[in-house]
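Here are a few exercises to work through with the structure open. Try each one yourself before reading the solution.

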Amino acid sequence: MLFDHDVRAPAEWEQEYAGGDDEPARIRAWQREQLIRIGYDSTTARRIVRDAWACGESGDLVHRVFDLIGRGANHAQAARIA
């Protein structure tokens with residue numbers, strides 16, 4: 001299944017996204033979580049997000065990866081292209 005529901009308790013989300021007003025950190029954490037949900041390991045997800053932010057192309061990162069996989073790219077190809 002490509003998408004699944006998050007079954008973590010709210011306290012777990014709060015702990016993961018804790019950081020006060022650091023909106024970019026919360027966005028990066030959310031992006032990593034979404035990439036992990038579609039099958040990337042945590043190290044690869046972290047690298048993809050880090051590289052996208054370093055290049056200034058983080059705005060629609062998750063959507064681009066979803067789209068690439070939906071069009072038939074495997075995970076490795078989507079990571080390289082995104």
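**Exercise 1.** Take the contacts in the protein chain between residues at least 6 apart in sequence, and find what share joins residues at least 24 apart.

*Solution.* In this predicted model, the share comes out at 45%. For the elements behind those contacts, count along the chain: there are 5 helices and 0 strands, running α-α-α-α-α from the N terminus.

**Exercise 2.** Work out where in the protein chain confidence is lowest and where it is highest.

*Solution.* Start with the whole chain: the mean pLDDT is 83, and 76% of the residues reach 70 or more. Then go helix by helix. The low end is helix H1 (residues 10–16), with a mean of 50, while H4 tops the list at 95. Where pLDDT is low, don't read the predicted coordinates in detail.

**Exercise 3.** Sort out which residues of helix H4 (residues 61–70) are buried, and explain why they sit on the same side.

*Solution.* Step one: apply the cut-off, under 20% relative accessible area. That picks out Leu 61, Val 62, Val 65, Leu 68 and Ile 69. Step two: check their directions. They span an arc of only 130° around the axis, so they lie on the same side of H4. The general rule helps here: an α-helix has 3.6 residues a turn, so residues three or four places apart point the same way.

Step three: look for the cover. Helix H2 (23–37), helix H3 (42–54) and helix H5 (75–81) are among what covers these buried residues. Step four: flip to the face turned away, where His 63 and Gly 70 are exposed. Finally, look past the end of H4: Gly 72 follows, with a positive phi near 110°.

Notes:
Residues numbered from 1 in each chain as written. Predicted model: local features only at pLDDT ≥ 70, side-chain atom pairs only at ≥ 80, totals over all residues. Heavy atoms only, no water. Buried < 20%, exposed > 50% of the residue type's maximum accessible area, 1.4 Å probe, protein only. Helix = DSSP H or I, 4+ residues; strand = E, 2+ residues; numbered from the N terminus. Arc of directions from axis to C-beta. Contact = heavy atoms within 4.5 Å. pLDDT = per-residue confidence, 0-100.
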